Amino acid sequence: MVVATNKSLRNYLLRMGACPERAHILGFGIDPGKFDPELSGSEVRARYGIKRDDIVLFFLGGLDRFTGVREVALELARTNDPCLKFLVVGDGSSEYELRQIQEKYSLSDRLILTGKRPYDEVPGLVAAADVCLLPFHSVEMMKEIVPLKIFDYMAMRKPIVSTRLPGMVEEFGDDSGIVYVDRPEDVIKKAVELVAEGKLDELGIKARRFVEGRSWDSITDKFESILNQAIAEKRDR
């Protein structure tokens, strides 16, 4: 058996020679107990000096040159809206450069870099966001991926702006609360447009609806079924 986490990766495995009848999609789940859309982000916003009326763009994950976070930070520097904040949670090879951008453009109160945080804090951090971002560059190694954090964002009823990665489009389509852009540099403009058009709630509801019923218990049951099938086939042989 070959098990992939999304449709695009399964297709990639098929191109590499996997047998279609033995190639399964397991998918990712959500933890509805932790990622509750009714969770308040006010404590996190207060901790980082974010005001009630500020618009918070959010990124969670490893910081490297493929994530597009650097490009988003530079676009933030080109905007003049003091209420537009970019909350970045994570660490990695690009963190030093982000801190240089923060200092060079006097963004200490708008480009908020928390560093790596414990997983238990993630639901509250996501709750503090207005729009979650996936600004990855569309390079070969990124094209097939669907990060787990996307499901966490959706569980929290957050709209998402993502670059148009083939794996993301194939997995979620165009009506799941995710809005696509072509480049990392376009992410902020699109997020601001969604705010101005009053579309955040509508997109957030679609996102939450997409992941309803995808608990980790159901994913575990599906994986167990795949394992049992593999065991039964081996016994028959």
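## Strand pairing and the central sheet

Two strands are taken to pair if DSSP finds at least two bridges between them. In this predicted model, strands E3 and E6 meet that condition, since they pair in the parallel sense over two bridges. Within this pairing, Phe-58 stands opposite Cys-132 of E6.

The wider arrangement is an open sheet of six strands in the order E5-E4-E3-E6-E7-E8, with parallel pairing. Its edge strands are E5 and strand E8, which covers residues 178-181, and each of these pairs on one side only. From one strand to the next, the twist averages 25 degrees.

## The E7-E8 end of the sheet

Strand E7, residues 160-163, runs parallel to E8 and is joined to E8 by four bridges. Among the residues involved, Ile-160 has Ile-178 in E8 as its bridge partner. Between these strands the chain passes from E7 through helix H7 to E8, and this β-α-β crossover is right-handed.

In a regular strand the side chains alternate between the two faces of the sheet. Strand E8 can be read with that in mind: Ile-178 and Tyr-180 point one way, while Val-179 and Val-181 point the other way. Which of these four residues are buried? All of them are, even though E8 is an edge strand that pairs on one side only.

## Helix H3 and its surroundings

Helix H3 spans residues 69-78, and because seven of its 10 residues are buried, H3 is largely enclosed by the rest of the structure. The buried residues are Val-69, Glu-71, Val-72, Ala-73, Leu-74, Glu-75 and Leu-76, a list in which two glutamates appear alongside valine, alanine and leucine residues. These buried residues pack against strands E3 (55-60), E4 (84-89), E5 (111-115) and E6 (131-134), as well as against helices H4 (95-104) and H8 (187-196).

The packing of two helices is described by the angle between their axes and the distance between the axes. For H3 and H4, the angle is about 5 degrees and the axes are 10 Å apart. Angles under 35 degrees count as roughly parallel, and H3 and H4 are therefore roughly parallel to each other. On the H3 side of this contact are Val-69, Arg-70, Ala-73 and Leu-74, which meet Glu-97, Leu-98 and Ile-101 in H4.

## Helix H6 and the aromatic cluster

Helix H6, residues 148-155, is mostly covered, with seven of its eight residues buried. The buried residues are Lys-149, Ile-150, Phe-151, Asp-152, Tyr-153, Met-154 and Ala-155. One of them, Phe-151, also belongs to a cluster in which ring pairs link Phe-28, Phe-151, Phe-172, Phe-210 and Trp-216.

For ring centres within 6.5 Å of each other, the model as a whole gives a count of seven aromatic pairs. The rings of Phe-28 and Phe-151 have their centres 5.9 Å apart and their planes at 75 degrees, so this pair is edge-to-face. Phe-28 lies in the loop between strand E2 (23-25) and helix H2 (42-47), whereas Phe-151 lies in H6, and the pair thus links distant parts of the chain, 123 residues apart. Both Phe-28 and Phe-151 are buried. A further pair, that of Phe-151 and Phe-172, is tilted, at 5.5 Å centre to centre and with 55 degrees between the planes. Because Phe-151 is in H6 and Phe-172 is in helix H7 (residues 166-172), the pair ties together parts that are 21 residues apart in sequence. Phe-172, like Phe-151, is buried.

## Positive phi outside glycine

Where does the backbone take a positive phi at a residue that is not a glycine? One such residue is Ser-106, with a phi of about 55 degrees, which is placed in the loop between H4 and E5. Ser-106 is exposed, with a relative accessible area of 58%.

Another is Arg-157, which has a positive phi of about 65 degrees and comes just after H6, in the loop between H6 and E7. Arg-157 is partly exposed, with a relative accessible area of 32%.

Terms used:
Residues are numbered from 1 along each chain as its sequence is written. This is a predicted model: local features need pLDDT of at least 70, side-chain atom pairs count only at pLDDT 80 or more; totals for chains, interfaces and linings use all residues. Side-chain values use heavy atoms; hydrogens and water are left out. Buried means under 20% relative accessible area, exposed over 50%, partly exposed in between (1.4 Å probe, protein chains only). Contact means heavy atoms within 4.5 Å. Axes are lines fitted to C-alpha atoms, for helices over the stretch in contact, and angles run from 0 to 180 degrees between N-to-C directions. Rings of Phe, Tyr and Trp (its six-membered ring) pair if their centres lie within 6.5 Å; planes under 30 degrees apart count as stacked, over 60 as edge-to-face and the rest as tilted. A crossover is right-handed if, with the strands pointing away from the viewer, the path from the first strand over the helix to the second runs clockwise. Angles under 35 degrees count as roughly parallel, over 145 as roughly antiparallel, 65 to 115 as roughly perpendicular and the rest as oblique.
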